[in-house]
Amino acid sequence: NAIPYQRTLALTSTTCCFLRDDIMKIGLIGFGKVSKNLINLIKSQDITFITSTEKRSQSTIESIKKSGIEVADTFKEVALASDILISATSPKSALDVALKYGRYAQGIYLDLNNISPDTTDEIGKTVKNLVDGAIIGKIDSDNPVMYISGKKADELLFLNEFITVKKISDNVGDVSILKMLRSTYTKSLSVLLIECYSLASGLNLEEEFFNILSLTEGDEFKNKSLSRINNTLRSSKRKAEELEEILEYFGDDELEMVKVALDKLKQF
């Protein structure tokens with residue numbers, strides 16, 4: 001059954017949405033790159049963002065103030081006030097966030113964390129109207145792609161007005177599986193890339209290393225590789241958490257490369 005909102009948001013003739021008030025409120029739990037970029041990309045006079053500084057670091061509080069979005073005293077208040085509540089924290093905190101605040105969400109609960117289908121299932125036991133989501137591509141880019149799945153996923157397709165949104169299925173967990181498969185490949189590959197780059201640098205052949213690979217990998221290979229290397233080193237702890245989720249879900253008997261990549265990430 002549809003959530004009993006008072007009116008439909010008129011962004012386009014094809015927009016399907018759900019509001020209790022004249023202005024849609026999108027709540028944010030977590031205020032990292034994902035949340036900041038969504039604020040930058042989803043701009044409409046009919047939409048406002050809300051978060052809280054509850055138990056946040058001073059740097060995060062300053063970042064929230066600079067964003068100019070609405071601030072509530074607690075995340076419980078954010079959850080109660082939001083038409084869409086977005087969790088974009090970390091794999092290890094995703095379930096705890098859902099248990100603490102997701103149960104108060106009256107609208108859509110969109111989980112964008114890199115978590116396993118098992119964790120998504122656990123969240124679904126507590127949270128109503130759960131939509132499984134993932135941001136694919138560079139998180140802070142101008143054109144990220146959001147994949148979503150779940151019975152309520154159709155109600156988020158209006159976001160195509162601002163970013164590319166692709167619905168996978170009505171099954172909560174399908175996007176989580178795709179996220180894990182992608183992470184299995186990309187994070188293991190990133191660690192191998194770092195090792196190769198380190199070897200080339202030690203031999204003073206880094207430029208030649210990128211040039212020779214660009215012959216088969218494309219002209220943008222160098223820039224994309226350096227970006228991937230920097231991102232991996234900068235976010236090694238979070239990426240290690242994601243690989244731990246992968247090993248826990250799939251079992252580690254046949255994932256030798258993932259285990260090696262995890263060990264390496266913990267050393268960075």
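# Buried rings, cores and a pocket

Biologist: Let's start with Tyr101: is this residue buried or exposed?
Modeller: The relative accessibility of Tyr101 is 14%. Buried means under 20% relative accessible area, exposed over 50% and partly exposed in between, with a 1.4 Å probe and protein chains only. Because 14% falls under the 20% limit, Tyr101 counts as buried.

Biologist: Thanks! What kind of model is this?
Modeller: Residues are numbered from 1 along each chain as its sequence is written, and side-chain values use heavy atoms, leaving out hydrogens and water. Local features need pLDDT of at least 70, side-chain atom pairs count only at pLDDT 80 or more, and totals for chains, interfaces and linings use all residues, since this model is predicted.

Biologist: How many aromatic pairs does a search of the whole structure find?
Modeller: Rings of Phe, Tyr and Trp (its six-membered ring) pair if their centres lie within 6.5 Å; planes under 30 degrees apart count as stacked, over 60 as edge-to-face and the rest as tilted. With that rule, the search of the whole structure gives a total of 5.

Biologist: Is the pair of Phe75 and Tyr101 stacked, edge-to-face or tilted?
Modeller: The rings of Phe75 and Tyr101 are 5.6 Å apart, centre to centre. Their planes make an angle of 50°, and the pair is tilted.

Biologist: How many residues apart are these two partners, which link distant parts of the chain?
Modeller: Phe75 is in helix H3 (residues 75-81), while Tyr101 is in the loop between helix H4 (91-100) and E5. Helices (H or I, at least four residues) and strands (E, at least two) are DSSP runs, numbered from the N terminus. Phe75 is buried as well, with a relative accessible area of 5%. Along the chain, the separation in residues is 26.

Biologist: Which residues touch the most other members of the largest nonpolar core?
Modeller: A nonpolar core is a set of buried Ala, Val, Leu, Ile, Met, Phe, Trp, Tyr and Cys residues joined through side-chain atoms within 4.5 Å. The largest one has 30 residues. Those touching the most other members are Ile86, Leu112, Met146 and Leu156.

Biologist: Which elements give two or more residues to this core?
Modeller: One helix on the list is H1 (33-41). The strands are E1 (24-29), E2 (47-52), E4 (84-87), E5 (108-111), E6 (130-136) and E7 (145-149). With 4 residues, the largest share comes from H1.

Biologist: How many residues are in the second, separate core?
Modeller: Among the members of that second core are Val78, Ala94, Ala98 and Ile115. Its number of residues is 18.

Biologist: How far apart in space are Thr164 and Tyr147, C-alpha to C-alpha?
Modeller: Thr164 is found in strand E8 (residues 164-169) and is partly exposed at 36% relative accessibility. Not counting residues up to four places away in sequence, Thr164 touches Pro144, Val145 and Met146; contact means heavy atoms within 4.5 Å. Thr164 and Tyr147 are 17 residues apart in sequence, and their C-alpha distance is 8.6 Å.

Biologist: What about Lys187 in helix H6: is this residue buried or exposed?
Modeller: Lys187 touches Asn114, Lys239, Glu242, Leu243 and Ala261, leaving out residues up to four places away in sequence. The C-alpha atoms of Lys187 and Ala261 are separated by 7.3 Å, with their positions 74 residues apart along the chain. At a relative accessible area of 9%, Lys187 is buried.

Biologist: What is the volume of the second largest pocket?
Modeller: On a 1 Å grid over the protein atoms alone, a pocket is an open set of points where a 1.4 Å probe fits, with protein on both sides within 12 Å along at least five of seven lines; lining residues have an atom within 4 Å of a point. Grid points are joined across faces, edges and corners, and a volume is the space filled by probe spheres set on the points. The lining includes Gly124, Lys128, Asn129 and Asp170. The volume is about 160 Å³.

Biologist: What is the phi of Asn129?
Modeller: Asn129 lies in the loop between helix H5 (117-126) and E6. Phi is positive here, in a residue other than glycine, and is near 55°.

Biologist: Last one: is Asn204 buried or exposed?
Modeller: Asn204 lies in the loop between H6 and helix H7 (206-217), and its phi is near 60°, a positive value in a residue other than glycine. With 61% relative accessibility, Asn204 counts as exposed.
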